[in-house]
Every structure is written in C-alpha cells, then in structure tokens.
Amino acid sequence: MIDAKKLFVKTYGCQMNVYDSERMAEALGAKGYVTTETVEEADMVLLNTCHIREKASEKLYSDLGRLRALKAARPGMKVGVAGCVAQAEGEEILRRSPVVDLVVGPQAYHRLPAMVEAGGRVVDTDFPVEDKFTLLPERKALRGPTAFLTVQEGCDKFCAFCVVPYTRGAEVSRPVARLLDEARALVAQGVREITLLGQNVNGYHGQGPDGTWGLARLLREMAGIEGLARLRYTTSHPNDMDDELIAAHGELPQLMPYLHLPVQSGSDRILKAMNRKHTAESYLRLVERIRAARPDILLSSDFIVGFPGETDADFQATMELIRAVGYGAAFSFRYSARPGTPAAEKPAVPAGIADARLQELQALVTAQQRAAQEAMVGREVSVLYEKPGRKEGQMVGKSDHLHAVHVQDPAGRIGQLVRVRVTASSTNSLAAEPL
Ligand code: SAH
Ligand code: SF4
Ligand code: F3S
C-alpha cells in the first residue's frame, strides 16, 4: 500500500481564508492528501495568504524563505500559494520565489487538484464563470461543533484604503438552496453553531426559491434547521444593516447577541475620505436601533488610525465615538498604504504620531472589553463546549456573547450546550461552573 500524501496548510488573514483552507484541504483530500500539522513531513505545503496590510503580505515571503531549506531536503515537495497575495501578485510570486510551484487565487482554487496533477510551475488567478462551490467535494465538519459557512464573497464598496475589492472581486452571493444543503450537511455531522461569512455579509442577496433573499431571510430559514443551536454572521457594513436584519436580532433565539460592525473612524471628514458613505452620527443611530431590538447585544468594530490626513481632532472624534458606543471588543490597526488603492497616493501621517494614537485607542477599547467581560460575573450564560481545557476535568467554549469560558465540568462533552454561572473574569476569558 502506498502511504497517503501529506498536506500542510497555513492560513493567514480573515475567517474567509479559514473557510477556504478547509475547502482546499477537502479538494486535495479527494486526490489522496491527508492533512498534517508537521511541515517537515509534508508532500505539499499550501500557504493561504492575506494582503490586507503590508505586514500581512510580508509574512508570506519570510515563510517562503524558511521553506527553501526544507524543500531542498525533500525534493518531491510542492509549495502552493493561495489567497489574496496570490491574487494580487500572481506570476510575480513565481519570479520572486523559486521555491513556489503553484499560485492559485481565491476564486480558482477548485482547480487546485488539477493543477497539482498537471505539475510544473503554474498560476491561476482567474475569476472563472463557473461556481467553484458546486465543483468542490461535499463539506466536512472539521472543527468540532462550530463551523464557518461562506455565503457571500467579494466587495463592491471600495473603501479608499482596502485591497479586498481587488483581491476578492465583485460581490457574489451563493444561492439559498446550496447554503441550506451545506448547513444541513454540517449539522448532520454534529455542528451546532454556524457563522455565516462574507466580506460584506449583510449585503447578501442570494437566489431563493421565490426571488432574491436578504441575509435576514436566510438566517430565519437556517434557524429552522433542527439541531442547529446558534447562528452568527460576520463581517457587516453599517450601510447594509436593514430593518429586517435588525429585527431578526430581537426575534431569532438562535441568532447570538454579538455583532461585528466596523466603523473605522469617528471623524466624518476621515470617513468621507475613506469612502465609507456613512457618518459617525448615522452609525450611532444605527447602534441605538440595534440595541433597541436586542438590548444585551455586544458590539465590536475595526478601527484604522493614522489614515492620510487624520488630525488630532479627527482622532479625538474616533475616541469620542468609542466612548459613546461602549464596545465589547475591537480590532485596531495602524493605516498601511496598499498598492493600487486610492488612499495610497496620499501623504502619510508620521509613524510616531500614528503609533501613539493607536496605543491610546487600544488602551480605551481594552478597558471597555474588560468591563464588558467583568459585567458577566455572577450571571448565568450558555456555553458551547469546543474542546477540553488544560486543567483536568475542564471544558472550554464560547458564551452567547462570544466570550471564551473555562468550565470545571468533568462530565462535560464536546458539542454540549450548557448553562453555567460565571464566577470570575481574567484577561482573555471567563471562569464558570455548571448550574
Ligand atoms: N469587510 C470588512 C473588513 C475587511 S478587512 C469591513 O468592511 O469592515 C478587515 C479590517 O482590516 C478592516 O475593517 C480595516 O479596519 C482593516 N484594514 C483594511 N485595510 C487596511 C489598511 N490598508 N490599513 C490598515 N488596516 C486596514
Ligand atoms: Fe474593504 Fe470596505 Fe469592502 Fe470592507 S467594505 S472589504 S473595508 S472595501
Ligand atoms: Fe486578508 Fe484577503 Fe481576508 S486580504 S483579510 S485574506 S479577504
């Protein structure tokens, strides 16, 4: 018997890349590859890359540098580059890095097995007319009781700083029937929580049995799948939060009380320069409406500091907005000029100033995050067990509000949804005991 070929996958960037990596592993699995966690024993190494900030894409080249020695020791080994750097740089990657055999973009990876079979050094960064999802093998539940499900890809918003509309292409929504099939297949394999994914997920407008469906309708239908306990979705644009979707947060018990709703800045001048097409005020009003529908919802956001032209007053407006909203979590980044985007042409804010602002902002959101977590102490919450903890008899999972929770529960099983009482809050997690 021939040993199965081994595949090592490294995923950078967002959750959509995590989803894509799983699907690429499944596609290669159909050709006899099994995944390994040990790069040294891999017959194929696949790097699924991110282009969002300069540092993210530089990681690819430092990893490729390290792979050179490994490949020299294992001459049959293949190296593939997928994801957003693959899309953005294409052939350039083969030129810069002789160790690379294959370059495949996010819309072409259903062709990966054929590329591997054909051999040679090849690039495929097409946006093919065929739907890659229909050509991929059936979905497997790989991460226990939780799963991602990409419902929408691409972005038509063209924020001035962002590469996504170029690397992922125009917005495309997958048809409702296929998504329901995929969700049911996951639930049949033990999945209890599904996070619907899209670069602009609340802009979802897919073909339903009776015309076009929005995200609210899709969520409502999925909530009816027996055995599916929890639904989440990410990432949303403020301008696509329609009334029906807001109402769903008050009506669907399966829809969890946590929403990632990036605002980027609290200065109208900067929001305009970013081409965000919303104001700080319209965002705050939106937050009020969401909280009216689901009062205990936790909100999170992304922030960019040091966008070209950002003054101290602009930055203070962002701090003001953060104080006004009160976030449960937030992700903040120093602006990074990306080739090909409109903002990259503009003069940068000096690095020292941008760094100081980033630190100030992070101190504020960290304090808010901690306060939101501490407010859970003493409360009863639900936790979906995802894995055993480090301590004997301990289970780890997420609460409805997406807090990591450690529960001392020797009888606990992975995939169980349990009611617990929160007893303590530490830096990044809560401790709790079963009721
Ligand atoms: N679709 C999502 C965001 C995708 S990118 C949305 O619209 O919010 C994830 C985050 O990376 C963005 O929200 C933004 O805060 C950050 N980001 C994107 N481009 C960036 C850049 N050029 N420099 C710094 N941060 C950036
Ligand atoms: Fe990028 Fe803006 Fe699209 Fe989000 S909405 S992916 S930040 S262009
Ligand atoms: Fe990065 Fe592409 Fe996601 S640039 S954030 S991997 S869409």
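**Exercise 1.** Which residues does Cys 155 touch, not counting residues up to four places away in sequence?

*Solution.* The structure is a predicted model, in which local features need pLDDT of at least 70, side-chain atom pairs count only at pLDDT 80 or more, and totals for chains, interfaces and linings use all residues. Residues are numbered from 1 along each chain as its sequence is written, chains are lettered from A and ligands numbered from 1 in the order in which they are written, and side-chain values use heavy atoms, with hydrogens and water left out.

Step 1. Locate Cys 155: the loop between β8 (152-153) and α7 (164-167) holds this residue.

Step 2. List its contacts (heavy atoms within 4.5 Å). Cys 155 touches Val 164, Pro 165, Gly 169, Ala 170, Glu 171, Gln 199 and Asn 200, with residues up to four places away in sequence not counted.

**Exercise 2.** Determine whether Cys 155 is buried or exposed.

*Solution.* Buried means under 20% relative accessible area, exposed over 50%, and partly exposed in between (1.4 Å probe, protein chains only). Cys 155 has 11% relative accessibility and therefore counts as buried.

**Exercise 3.** Identify the polar atoms of Phe 161, Gln 199 and Asp 302 that lie by ligand 1.

*Solution.* Step 1. For Phe 161, a polar backbone atom is 3.0 Å from a nitrogen atom of ligand 1.

Step 2. For Gln 199, a backbone N or O atom lies 2.7 Å from a nitrogen atom of the ligand.

Step 3. For Asp 302, a polar side-chain atom lies 2.6 Å from an oxygen atom of ligand 1.

Technical notes: A polar contact is a pair of N or O atoms within 3.5 Å; within protein, one must be able to donate a hydrogen and the other to accept it, and residues adjacent in sequence count only if both atoms are side-chain atoms. Helices (H or I, at least four residues) and strands (E, at least two) are DSSP runs, numbered from the N terminus.
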